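This briefing is meant to be read alongside the sequence and the coordinates. It begins with the sheets and then turns to a helix, the core and the chain as a whole.

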Amino acid sequence: MNQFFTRRRFLGAAGLALPALALGQDAREALGTKQGAATAGEHPLATIMKQHPAPLRKELQGVHPRVFTTARGLDELRERARGSHRELWQAALANMAAMKNEPAESPAQTRRAQNATGIGIVAAALAYKIEGDARYLEVAKKYMDAAVSYPVWGYTYSKPDIDLAAGHLLYGLGAGYDLLYDVLSEEERKRYRDKLVRQARILAAHFSPKPGKSYSYSQNHCFIPISGLVVTAYALWDEVPEAANWAALSRAIFTRVLEVASPDGYFYEGVEYWVFSMPWIVHALDAFAHAAGDDMYDHPALRKAHLYMAHSITPNGQDIFDFGDAFEGPLTRARHGHDAARTHPGGKLHSNYNLLYRFASRYKDAEAQGVAAWMASLGHICAEEFWNIFWYDPKVQAKPMAAIKPYHHFEDLGTVYWRSDWTPKATAFAFRAGPPEGHHITALIPKMPDWHLSMGHSHPDAGSFILFGGGSYLSGPMGYAGLPSSTLSNTLLIDGTGQALDGRGHDAFADYPYERLDRIRMSKVTLGRDHAEIVADLTGAYRPELGVEKLERRFTWARGAWTTTDTLRASKPVVMTAQVHGDNAIKQVGERRFIVEGQPAALQVTSGAGAKAIIEPGIVTAAGPPGNVDKGPKEQRGTVLRMSLPAAKQAVLTTIMRF
């Protein structure tokens with residue numbers, strides 16, 4: 001649990017990240033904030049801050065705790081711990097990482113080590129307030145002291161004091177200060193408060209609006225740090241004058257975060273980043289709701305989030321339909337390498353499904369409760385299991401998964417998921433054909449000069465598919481990449497070239513016109529219990545100089561076979577290439593027949609007439625260190641079958657796949 005989201009490959013012999021590698025983030029990718037936007041007059045955030053200052057409720061001023069609960073609320077939680085939530089609470093105590101691991105020692109520069117310190121504080125502090133056991137108080141203080149000892153919150157060589165770790169530690173130390181206020185000595189309060197003030201001031205100064213500043217509102221490097229600022233603002237409200245400004249700034253940024261979120265519930269950064277990012281949206285919104293009486297939950301992106309997670313899980317219950325930067329493809333699916341310990345501790349998917357308890361409780365949604373119950377039954381893991389005592393509402397009945405339609409079209413993001421049923425024996429697929437952040441933002445971009453897109457975790461994968469059948473993940477993308485490329489997905493290449501600006505940096509869509517990406521769309525979607533047909537226009541995904549005038553992919557599932565029919569019209573002769581990836585070896589077994597090996601099932605591929613096929617290693621530029629994510633090492637992940645037609649202005653290529 002402490003190693004959640006730790007990537008191994010950037011540690012030196014002493015366990016410290018190697019600063020020599022960190023020479024600056026990909027210049028085309030702006031995480032959090034950047035200067036240079038054309039914002040005239042008062043900055044939009046400043047306007048929102050005046051409209052929605054989100055002050056601490058009067059009845060909570062001068063008392064602790066108050067951010068997420070009160071003294072009376074703790075009494076209710078103790079009753080839950082002994083009664084309705086006893087089993088959930090005992091499981092949280094038994095699994096608490098802070099009671100099993102020491103906090104990272106200063107300067108704690110190992111990848112995301114400080115994040116675990118922040119989470120550990122809240123877990124131990126809450127356990128002490130509910131159980132009254134001095135062991136939890138001792139651990140909470142140990143973790144709080146560790147947080148104070150870190151001279152830099154985050155990495156000394158990449159966005160120090162203003163990035164993800166700063167958000168985690170403001171959340172942890174802020175919540176710990178609030179929960180334990182009455183049992184801390186004056187000296188302890190001062191020491192923790194001084195550190196919180198120092199770090200909050202640095203973070204707030206970085207994110208405060210000024211002319212020409214824009215924000216990546218939809219990106220986790222923006223809202224995770226601000227989530228921590230929310231907690232600290234309310235924890236220190238009547239002790240630090242600036243706290244009111246911190247709360248107003250955070251409220252304004254989260255206003256924008258929700259404004260740009262996809263209304264269909266799809267998370268554009270991928271499942272791995274839903275797991276990592278969504279807790280911070282929930283923590284911030286919970287703090288606003290409780291401390292300020294300002295409920296911001298009424299948004300379709302949150303109401304429909306359970307659908308995204310339900311359909312993102314493959315029938316075996318432990319893997320995902322991994323579009324975008326999500327895990328490490330074949331390595332993760334084989335549970336090889338160091339990363340498997342964080343993605344699948346004990347062989348179970350780390351999905352943070354308990355966030356769906358919160359949504360089910362807030363919306364009284366039986367469907368969300370049902371999805372959470374299903375994920376729990378699969379043995380999934382949560383990073384902050386202790387929040388179950390807050391989030392789980394036993395009065396909300398869980399809808400059976402069998403009563404939920406097993407296929408869904410996320411129209412805004414242009415993604416379809418289909419499965420025959422919700423059992424482990426199901427046949428399933430996913431297909432993507434839409435702009436990286438969804439169609440809805442095309443109209444928002446000109447209205448929000450304070451927002452810049454940061455889409456590095458999305459891949460240039462329009463027209464790609466993921467197949468699952470016979471108990472096997474049959475074919476899909478190669479996972480998290482430092483240099484996302486169309487060569488990593490089951491999509492099309494034109495003259496060997498992929499979509500948008502792939503291969504030029506971690507953000508393949510930076511400087512590529514979004515209105516052109518918006519032309520990627522599904523013109524037809526027909527989904528039934530035993531069949532599916534999708535027709536997608538991929539033309540806008542490819543740079544105009546490639547000469548593509550029209551590129552359509554028809555994807556069907558019927559009578560036990562998946563078929564892609566790719567129709568090209570170009571202004572000059574070009575080579576069209578279709579790709580099918582495999583986690584293991586791919587073998588040619590006939591003139592146009594291939595086997596993508598797998599266990600227990602394999603995928604049989606029949607290429608179109610006239611296509612020349614080659615089988616190659618699946619080479620990925622893996623993610624590099626913080627600040628240099630595009631400069632990772634090359635590594636092989638599986639194999640790829642590429643089928644190309646001779647250069648022509650018009651071409652049709654058909655590929656048939658079955659297991």
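In this predicted model, five strands form an open antiparallel sheet whose order is S3-S4-S5-S6-S7. Its edge strands are S3 (407-410) and S7 (472-475), each of which pairs on one side only. Averaged over the sheet and with direction ignored, neighbouring strands are turned by 10 degrees against each other.

**The five-stranded sheet in detail**

- Within this sheet, strand S5 (residues 428-432) and strand S6 (residues 464-469) run antiparallel and are joined by five bridges.
- Phe 429 has Leu 467 as its bridge partner in S6, and Phe 429 is also listed among the residues that touch the most other members of the largest nonpolar core.

**The four-stranded sheet**

- Another open sheet is formed by four strands in the order S8-S13-S18-S17, again with antiparallel pairing.
- Strand S8 (492-494) and strand S17 (612-621) stand at the edges with a single partner strand each, so one side of each is left without a neighbour in the sheet.
- From one strand to the next, the twist of this sheet averages 35 degrees.
- Strand S13 (residues 576-582) and strand S18 (residues 634-644) run antiparallel and are joined by six bridges, and the bridge partner of Gly 582 in S18 is Thr 639.

**Helix H7 and Ala 200**

- Helix H7 (residues 186-207) has 22 residues, which at 1.5 Å a residue should span 32 Å, and the 31 Å between its end C-alpha atoms agrees with that expectation.
- The buried residues of H7 include charged side chains such as Glu 188, Arg 189, Arg 193 and Lys 195, as well as Leu 196, Val 197, Leu 203 and Phe 207.
- The cover over the buried residues of H7 includes strands S1 (33-35) and S2 (213-215), together with helices H5 (134-149), H6 (164-180), H8 (220-235) and H9 (243-260).
- Ala 200 lies in helix H7 and has a relative accessible area of 0%, which means that Ala 200 counts as buried, the cut-off being under 20%.
- Once neighbours within four places in sequence are left aside, the contacts of Ala 200 are Leu 170, Leu 229, Thr 232 and Trp 246.
- Ala 200 and Glu 242 are separated by 42 residues in sequence, while their C-alpha atoms are 9.3 Å apart in space.

**The largest nonpolar core**

- The largest nonpolar core holds 202 residues, and those touching the most other members are Trp 89, Tyr 234, Ile 253, Phe 254, Trp 274, Phe 386 and Phe 429.
- Helix H10 (residues 271-292) supplies the largest share of this core, namely 15 residues.
- Phe 254, apart from its neighbours within four places in sequence, is in contact with Phe 223, Ile 226, Ser 227, Val 230, Trp 280, Ile 281, Ala 284, Leu 285, Phe 288 and Met 296.
- As general background, nonpolar side chains tend to be buried together in soluble globular proteins.

**The chain as a whole**

- The chain has 19 helices and 19 strands, and buried residues make up 64% of its 659 residues.
- A compact globule of 659 residues would have a radius of gyration near 26 Å, and the 25 Å of the chain agrees with this.
- The C-alpha trace spans about 80 × 55 × 50 Å along its principal axes.
- Among the contacts in the chain with a separation of 6 or more, 74% are accounted for by residues 24 or more positions apart.

Note on methods
Residues are numbered from 1 along each chain as its sequence is written. This is a predicted model: local features need pLDDT of at least 70, side-chain atom pairs count only at pLDDT 80 or more; totals for chains, interfaces and linings use all residues. Side-chain values use heavy atoms; hydrogens and water are left out. A nonpolar core is a set of buried Ala, Val, Leu, Ile, Met, Phe, Trp, Tyr and Cys residues joined through side-chain atoms within 4.5 Å. Buried means under 20% relative accessible area, exposed over 50%, partly exposed in between (1.4 Å probe, protein chains only). Helices (H or I, at least four residues) and strands (E, at least two) are DSSP runs, numbered from the N terminus. Contact means heavy atoms within 4.5 Å. The expected span of a helix is 1.5 Å times one less than its number of residues. Two strands pair if DSSP finds at least two bridges between them. Axes are lines fitted to C-alpha atoms, for helices over the stretch in contact, and angles run from 0 to 180 degrees between N-to-C directions. The radius of gyration is taken over C-alpha atoms; the globule rule is 2.2 Å times the number of residues to the power 0.38.
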